[in-house]
Amino acid sequence: MRKSTTELRVPDGTPFRQVSDLLTGLYRPILASPETTTRVFYDTFDWAIFHDGGALECRTQRSIRRLIRSDLDGVSPPLSQTLSDEPGFASDLPLGPVRERILQVCGIRRLLPLVEVQSHVTVFRLVNDDAETLLRVEIEALSARTPSGATCGPLASRIHLVAESYHEQVAQEVADLLAERLGLESAETPILTEALSACGRSPGDYSSKIQDRLDPEQRSDEALKALLKSLFGTLIANLEGARAHLDTEFLHDLRVATRRTRSALGQAKGVFPADVVKHYKVKFTWLQQITGPVRDLDVYLLDFERYREALPVRLRPCLGAFHAFLCARRSEEQERLAVALSSPAFIDLIQEWRTFLDAPIAEHPAEPKAARPVKALADERIRRMGKRVRREGLAIRPDSPAAELHELRKSCKKLRYLMELFQSLYPRGKMTRLIKLLKTLLDHLGLVQDLAVQAEHLLDWAKQMQAEGQADTETLLAMGALVGQLLGRQEQARAAFAEVFDQYLHDGNQALFRALFERN
């Protein structure tokens, strides 16, 4: 039989006794045993479940643990399944409706605890003269604490009115009575939101996207510092997750923030002192280098099943030793990275960079472009880089060396980062269209280069595994077949470059470039 639930929020300072006394005058209450529930809310670091309109909780009651996914708007019934361990990755959850619902949303990101809510529930039934239950009333006292155990304080209490479908009118009468006499209102805010607020957080408080909106007339030094501070915040937010390798995207977002920082510094010529720009470009290049080996191995392991499936069925099991080799190397490199990210060199970089970003800008700067309006600076730099991409791309021939495609790829990356940094200065729809266009070209150039590099790495690793006795003949044959697959795909991608670049050069796209960035 379907049940309906009405949820009311209890104003601060309203004693529970008032609720029971009020209802006792109209109905006969029968007190049930109190209940205690622990609810730990989870989401990915980038709030994938919240952005999908949901909340995920691990609810423990009477030693039974359930994973529950509910809609924030409460429209659809919650999904629930039993759980034996703490959630990790959605892909590792046992089969069930919750796993099926969140798997595609969460992807490769780990489920992390956000906040823990303790719930102490006083329960009584309202019955009629025939002892028939008309309504179940649950008075819930809530408190929140952080995943580390720090107390965040009590939350507003709630009352749940649970009725069978044929007693919904009783629930409505009780809800109206409580609203009239005690000022109780419908609970519109999800418990997750209230609990996070009590702990000083808000849903969606992290995004790797650049959120800053710049004023076109803002000074270039001021605008660049604002952008660099935003990127620094992203870097710091991902630091602990990258150290601990909670999931691969922490390091990925840290590296993207680093690359964007280097790109912004590359545009700071004439805006910040030359010695300052040079110093930090070297420092952030070092950071990019020390994070590279782990990221490369992450990519190989993320793509491993695709590599395996590219081989004939007979050879697929032969890659097991290679997978173990990659996992071992990733563990070794992760240990080195964790040490580097706690080293004096890294700590000095963070402290120096924070000091520079927090320092006030000079009222009368010596650098010639520091006080120039940022829109004019952005137009100039994007226009110049766009012309370089066009020039280098048109020079590519079928027999051009790989180094020329690599240089074009670097120029495309610089152009993309410039457009992303300054996108708030331009019409959103038009800028999004050009960034997507550039991303398509970059993805293709990346495929051409990455496939060749992957093939070289595989050959080197095969030699190493053979020398160390970690690979038998079948493993080496499978790896050789995989090298052939990669090189074949690389040749196909190289042959398709002209067609992809022609799309980039389409008259409509180039006209949009000119309209946005050429001098007015």
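Modeller: Helices and strands here are DSSP runs, numbered from the N terminus. This is a predicted model, and its chain has 18 helices and eleven strands.

Biologist: Thanks! Along its principal axes, what does the C-alpha trace of the chain span?

Modeller: The trace spans about 95 × 70 × 50 Å. Of the chain's 520 residues, 46% count as buried.

Biologist: Let's look at a helix pair. At what angle do helix α13 and helix α17 pack?

Modeller: Residues 374-394 form α13 and residues 497-504 form α17; the angle is about 150 degrees, and the axes lie 11 Å apart. Angles over 145 degrees count as roughly antiparallel, so that is how α13 and α17 run relative to each other. The crossing of α13 past α17 is left-handed.

Biologist: Which residues meet there?

Modeller: From α13 come G386, V389, R390, G393 and L394, and they meet F497, F501 and Y504 of α17. The residues of this contact divide into five nonpolar, two polar and one charged.

Biologist: Now the interior. Which residues touch the most other members of the largest nonpolar core?

Modeller: A nonpolar core joins buried residues through side-chain atoms within 4.5 Å. In this 86-residue core, the answer is W353, L415, M419, F422 and Y504. Helix α15, residues 428-467, gives the most to the core, with nine residues. Another core, of 24 residues, lies apart from it and includes L311, F325, A462 and V483.

Biologist: And what is W353 in contact with, leaving aside its neighbours within four places in sequence?

Modeller: W353 is in contact with L228, F232, T261, L265, Y280 and F284.

Technical notes
Residues are numbered from 1 along each chain as its sequence is written. This is a predicted model: local features need pLDDT of at least 70, side-chain atom pairs count only at pLDDT 80 or more; totals for chains, interfaces and linings use all residues. Side-chain values use heavy atoms; hydrogens and water are left out. Axes are lines fitted to C-alpha atoms, for helices over the stretch in contact, and angles run from 0 to 180 degrees between N-to-C directions. Helices (H or I, at least four residues) and strands (E, at least two) are DSSP runs, numbered from the N terminus. Angles under 35 degrees count as roughly parallel, over 145 as roughly antiparallel, 65 to 115 as roughly perpendicular and the rest as oblique. A crossing is left-handed if the near helix is turned anticlockwise from the far one by less than a right angle, and right-handed if clockwise. Contact means heavy atoms within 4.5 Å. Ala, Val, Leu, Ile, Met, Phe, Trp, Tyr, Cys and Pro count as nonpolar, Asp, Glu, Lys and Arg as charged, and the others, Gly among them, as polar. Buried means under 20% relative accessible area, exposed over 50%, partly exposed in between (1.4 Å probe, protein chains only).
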